[in-house]
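Me: Can you walk me through the cysteines in this one? I'd like to know which sulfurs are bonded and how exposed the residues are.

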Amino acid sequence: MEPTHQNLNEKSGKSLTIALIVLLVLLLGASAFLGYDFVKSSQVIKEQKEKIVLVTKERDEALNELAELKKNFEEIRVQNEELASQRDEALKKIAELEAQLRRAYSGGESRGAGSAPRGKVKQEIEKLKKEYNEMLAQVDKLRAENAALKDAKFRADQELNNTKQQYEQLAATCKTLQEKVELASILKVAEIKAFASEVKKNGKEKISDKSSKANKIECCFKILENMVTEPADKEVYLVTKNPGGKVLAEGGGTFEYMGSQMGYSAKKVIYYSNKNVDLCMEFSPKSKLEKGTYKCEIYIDGFLLGTTSFALK
């Protein structure tokens with residue numbers, strides 16, 4: 001029996017329904033796949049963002065640590081050449097690590113997600129921290145040693161200054177004592193007498209106060225005992241000055257007195273043994289004596305020890 005128009009319509013409707021159902025199933029499958037893929041992609045994106053945040057944080061922490069290390073190393077002031085070289089090398093290494101970190105993130109955070117400052121960079125930072133602590137300990141040790149040396153030098157300088165002061169005081173005392181000894185060692189004379197004499201042709205002589213007859217001058221004195229001075233030969237000089245103050249330099253020479261040379265009338269060399277010595281010195285003037293007062297001076301060891309005078313008519 002041939003199919004009727006109604007049967008054909010029913011058959012077509014069933015086919016359409018089946019096709020729609022198949023399409024719906026396909027759409028649902030595709031939606032489920034796309035939904036799963038979307039969820040998976042979202043999870044990956046979330047993980048990537050979290051990783052970028054973590055890496056960025058670690059990078060910033062590493063840069064901050066390097067900046068702090070740089071500041072610490074720069075603040076170390078050393079005079080030791082070896083430590084100064086170590087410090088400069090550490091600063092150079094810090095600059096290299098900073099540049100390395102910035103290069104790793106120069107393309108953006110997503111590009112640097114796989115370049116977290118772990119591993120070698122982290123190890124280098126720890127090594128730098130250890131090196132800084134060791135260097136700081138060395139610097140502290142050197143400072144302590146330097147302070148101890150300064151303290152020792154200060155105490156040595158004080159002791160030297162005290163010793164110098166004591167030496168100067170002792171030298172001053174010795175000088176004073178030496179001056180006293182020198183002063184005490186100066187000989188003294190007493191009982192000085194001077195007079196003129198007339199020496200006749202037969203050798204006889206007598207004291208005379210007449211200028212027309214006197215032709216010899218004599219001076220006698222006593223060198224007193226002195227136990228301080230050293231026994232030795234002594235040069236004794238007699239200086240006689242006429243009424244006009246001119247030295248009757250009949251001795252034919254000079255001796256030093258107060259930095260100048262002085263002529264003398266007579267000279268004797270005696271050995272002084274710390275005991276009293278009675279001594280007379282005489283000379284014969286080469287020219288006629290004039291009227292007036294004559295002055296006689298006694299010099300020993302460059303010191304004027306005594307004077308006396310006599311007059312001629």
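Reply: Let me begin with Cys-296, which is buried in this predicted model, its relative accessible area being 1%.

Me: And which cysteine sulfur is nearest to Cys-296?

Reply: That is the sulfur of Cys-219, 4.9 Å away, and Cys-296 takes part in no disulfide. Since a disulfide here requires two cysteine sulfur atoms within 2.5 Å, the 4.9 Å between the sulfurs of Cys-219 and Cys-296 is too far for a bond.

Me: Is Cys-219 buried or exposed?

Reply: Cys-219 is buried, with a relative accessible area of 1%.

Me: OK, switching topic: how many disulfides are there?

Reply: The count comes to one disulfide, and the partners are Cys-220 and Cys-280, whose sulfur atoms are 1.9 Å apart.

Me: What's the handedness of that link between Cys-220 and Cys-280?

Reply: The link is right-handed, with an angle of 115° about the S-S bond.

Me: Which parts of the chain does the pair tie together?

Reply: Cys-220 belongs to strand 3, which covers residues 216–223, while Cys-280 belongs to strand 8, covering residues 277–283, so the disulfide connects parts that lie 60 residues apart in sequence.

Me: Last thing, what is the relative accessibility of Cys-280, and what about Cys-220?

Reply: Cys-280 has a relative accessibility of 33% and therefore counts as partly exposed, whereas Cys-220, with a relative accessible area of 18%, is buried, given that buried means under 20%.

How values were computed
Residues numbered from 1 in each chain as written. Predicted model: local features only at pLDDT ≥ 70, side-chain atom pairs only at ≥ 80, totals over all residues. Heavy atoms only, no water. Helix = DSSP H or I, 4+ residues; strand = E, 2+ residues; numbered from the N terminus. Buried < 20%, exposed > 50% of the residue type's maximum accessible area, 1.4 Å probe, protein only.
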